[in-house]
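Please consider the following model together with its sequence. The account below is meant to be read alongside the coordinates, one region at a time.

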Amino acid sequence: MDNLSSSSDTDLAHVPKTAPPPPPRRPVTVAEPSPTLQTLPKPPALPARATAPASPSVAVDSTFAPPIPARPSIAEPVAEKPRGLLSGKIQPPPQRVIALGERLPPRKPSLLPTAGSGRDDDDEDSDSESDDLDAGLQMPDTSRSSRRPPHLWFKGSSYPARVATSIPNAVVLAAASIVIVAGQHHIRVWDLDVSPDLPVLSREMKALCGKDSRVTAMEWLPPPSGSWQDEALIVWIGTKDGHLIEMEVPTGVVRGVKYSAHAHAVGYVFRSGRAMITVDPEGGKCLVFGEREGKAVNVTDAGRVVRISEKQDIVKMFDGKLYTAARSDVVGPTSHPVLRYIDPFTPGLPPRTLLPHDNVGPVLSMAIVPTMPHILYVGHDAGWITVWSLTGTSFPTCIDRTRIGPSDVLTMVGVHDRLWVGFRNGEIKCYDVAGTPWIVTNAWVAHSKQGGLTTLRVDSVGLVKGKGRVGVISINREEVRWWDGLLEGDWIDQKLVKQEESYSTFHDLRVLLVSWNVDSARPDSLTGNPANVTLLHDILTSPGCAPDIISFGFQEVIDLENRKLTAKSVILGGIRNKADEGGLGDKVSGAYKRWYEALVNAVRLAMPPDSPYVVIHSESLVGLFSCVFVKRSERSRFRNLALGTGGILARFAIEDSSICFINCHLAAGQNSVRSRNADVAALLEASAFAADMNSDVYVGGGDGSMVLDHEIVFFSGDMNYRIDARREAIISAIHSNELASLHVHDQLLQQMKLNRGFRLRGFSEGPLTFNPTYKYDRRSSTFDSSEKRRSPAWCDRVLWRGMAPERVQQKSYSRWEADVSDHRPISSEFVVKVRRTQKDVIGDVKAELQKQWVSKGKERLAGMRAFYSSVGIV
């Protein structure tokens, strides 16, 4: 009660003095309703904190209830003006603060449907995906890359150069045929011209410096006379304990030791002109021995100390400048990576901090391409590369960024006019960075995924001490491999393709390709409408003359419970029914068998009796069904027939050309563009066939295991790419025969034109002059009238790729009017020129090209030497 009284007294102190005192406390009496109560006026508003004048109290008849005490009358508060849209004045928009260089947040998905009156998900949950074409614009063009590894050979071996290390974190240094591999306690030296299996020198670290210390860095010492040809090789060795050792190679004679030159491990040793620089990235200490234009140095000389930032993860030297970076070194609210550089040959000059325009992840690698010495390329996480200009200002400036893939840019080197990049999965890719977009010219698996790839190095000493070659060394935990940096084999292959008419003969091969999503319709349902009854006969007789190859590709032959089981899951799962040539397997369901028999009968009835056909491939898998016919008279010319993993791919060779057919059913859904793109990538990047090492019919250095190893590829099926427009607008354009206005909104055409990373970018398609093939009500020409009201689209497509585009000509691209499915069938006729190589002639052409390469190689080699000489490396 004391608390209550105190609270009450406090409240009353704020009541205006003009207000009457509160009434005494009394028991509450409940009165029955009275008509007099209905005459009471509306009670006033609650009192405000501000002082207000009093007003007379309201009198109440006391017959039925005690009198109500008078209340202080409070003036009505002034109504606050409404805010927002009702105020009559437009309010300023909300402001969002974005830090300098920070990316805008991702666009929120629209609440409005993109087409039609509802989501177009084909009876399945389709996640809304925004088509990030901006990311695709960053990706290089991979459509013409070569998969042939550019092996480098040495005379001491009958196989490509390779040294097995089996040493974790091995340090490797090479000069022409000499290679040093340092591990935990040993240093071994190989001469690859003698043997890649047995080292010519093996020394324990304890014998070299009296201490058992692990090697952490190595670099060649410039020869005292300045001539690499005339003097023995001398190597500087840095250890984990900070010692420096100078040793002759391959004799193993120790010329000097500098103990505890650094307090921590020597992480890097660089050569610049006649000077040597050792770096302790943990402690941030550099020792500079000599000057770039000075006299020869010795490891026992006193080095000049230069300080850099501590705990650096990567240190590189370009043209006498040190560039450093650390994963944990970031600035700003968006954690931008920091790149620092310093000139160690200018005493007193402080390091400078550099920032890229965007947060592209920590710095992992750096490189300069010799033909563009004014550009520095810096590799980051998640496939990002930033481009820095080294001219025009007193310090490097970030001028661009690009993305080359999802994997970290782990290691890079520049060789001639190519940027070589190594990835954790053991793959190496070479990029032509002269134009936009970048072009992937070579991509091959250099090491196993288990071993990965840790380092790429250019054998710069081998340029002047070797035999007119540029060796690129790739290192992982298991081995060291050598590659031809000038890519001689690729140059010869490109010239051969341009001159193939001089050593090849050609003849035409006619191909008829049919694709149809039958929506589980049976062949006996082709009744009623004349277009249904004569469908197969009309398609087969549409070409001017009988085709040599007829390929049928059907989708949804059976009703799928889960239509998300697309071509991607098929390829990765590898589930398929095996079929013998000329017939279907025993486990094939009745639906597949009925279509197989219908196609066999249709071909037999439609084609001339004097030109019978045989089935060379028939396969079924989870709703997909493929069947390929060839003329019996041509059957003997087909060889290397193989079925791809998943049963929706078939390939064969005819003469010296290879052909691959793909029947696909990609992810459905109006907004599932990324999923469809991923399905395409899974089909084209998987090892779909067994490798065929004994055939030269494949292109791009391939062995026939991948789809793009084939000279000619046909890619067809229900690709499910849609039209990004309103349903009403699409139907209006169709009815007014303005199909061209829809092409700019077609997802597949957009991806092929704008997305540089799209795997079908190198394919071609004929003009879409027919109406969209999806989606119709069964047995009618009415577009989907169901509750979902899906938008019309060209889901069913035929694409092709030829290494020589002029040798594949499309003669027709049509749709047919069978209405038993929600899709309309399509067909396309092609004339393909297959080649026969004249073996004796191609040998002479190759020999001539190899002679031409001698002068071309010398020219490239001279350019590389000039570059490395200008930056003080040789």
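The paragraphs that follow move from the whole chain to its sheets, a hairpin and selected helices.

The model is a predicted one. Its protein chain holds 15 helices and 41 strands. Of the 874 residues of the protein chain, 51% count as buried. The accessible surface amounts to about 41,600 Å², and carbon and sulfur atoms contribute 53% of that area. Among contacts in the protein chain with a separation of 6 or more, 62% are accounted for by residues 24 or more positions apart.

A sheet of four strands may be taken as a starting point. This sheet is open, with antiparallel pairing and the order β10-β11-β12-β13. Because β10 (268–272) and β13 (304–307) each have a single partner strand, they stand at the edges, and one side of each is left without a neighbour in the sheet. On average, neighbouring strands here are turned by 25 degrees against each other, direction ignored. The edge strand β10 is joined to β11 (residues 275–280) by five bridges, and the two run antiparallel. Within this pair, Val279 in β11 stands opposite Tyr268.

A second open sheet consists of six strands with mixed pairing, in the order β33-β34-β32-β31-β41-β40. Its edges are formed by β33 (613–621) and β40 (808–815); each has a single partner strand, so one side of each lacks a neighbour in the sheet. Neighbouring strands of this sheet are turned by 15 degrees against each other on average, direction ignored. At one edge, β33 pairs with β34 (residues 624–631) in the antiparallel sense over eight bridges. Ser620 has Phe625 of β34 as its bridge partner. Helix α10 (residues 590–606) packs on this sheet, where it touches β31 (504–517), β32 (549–555), β33 and β34. The direction of α10 makes about 25 degrees with that of β34.

Attention now turns to strand β36 (residues 649–654), in which six of six residues are buried. In a regular strand the side chains alternate between the two faces of the sheet. In β36, Leu649, Arg651 and Ala653 point one way, while Ala650, Phe652 and Ile654 point the other way, and all are buried. Strand β35 (residues 638–643) runs antiparallel to β36 and is joined to it by four bridges, with Ala642 opposite Arg651. Six bridges join β36 to β37 (residues 657–665), again in an antiparallel arrangement, and here Phe652 stands opposite Ile659. The strands β36 and β37 form a hairpin with two residues between them. In its turn, Glu655 has a positive phi of about 60 degrees.

Which residues of helix α12 (residues 727–735) are buried? They include Arg727, Ile730, Ile731, Ala733 and Ile734. These residues lie on the same side of α12 because they cover an arc of only 160 degrees around the axis. The buried residues of α12 pack against α13 (740–743). Just after α12, Asn737 adopts a positive phi of about 55 degrees.

The final stop is helix α15 (residues 839–870), in which Gly843 has its place. Gly843 has a relative accessible area of 37% and is therefore partly exposed. Its C-alpha atom is 9.0 Å from that of Tyr503, although Gly843 and Tyr503 are 340 residues apart in sequence.

Key
Residues are numbered from 1 along each chain as its sequence is written. This is a predicted model: local features need pLDDT of at least 70, side-chain atom pairs count only at pLDDT 80 or more; totals for chains, interfaces and linings use all residues. Side-chain values use heavy atoms; hydrogens and water are left out. Two strands pair if DSSP finds at least two bridges between them. Axes are lines fitted to C-alpha atoms, for helices over the stretch in contact, and angles run from 0 to 180 degrees between N-to-C directions. Contact means heavy atoms within 4.5 Å. Buried means under 20% relative accessible area, exposed over 50%, partly exposed in between (1.4 Å probe, protein chains only). The arc is that of the directions from the helix axis to the C-beta atoms. Accessible areas come from the Shrake-Rupley method with a 1.4 Å probe; for residues, only the protein chains shown count as cover.
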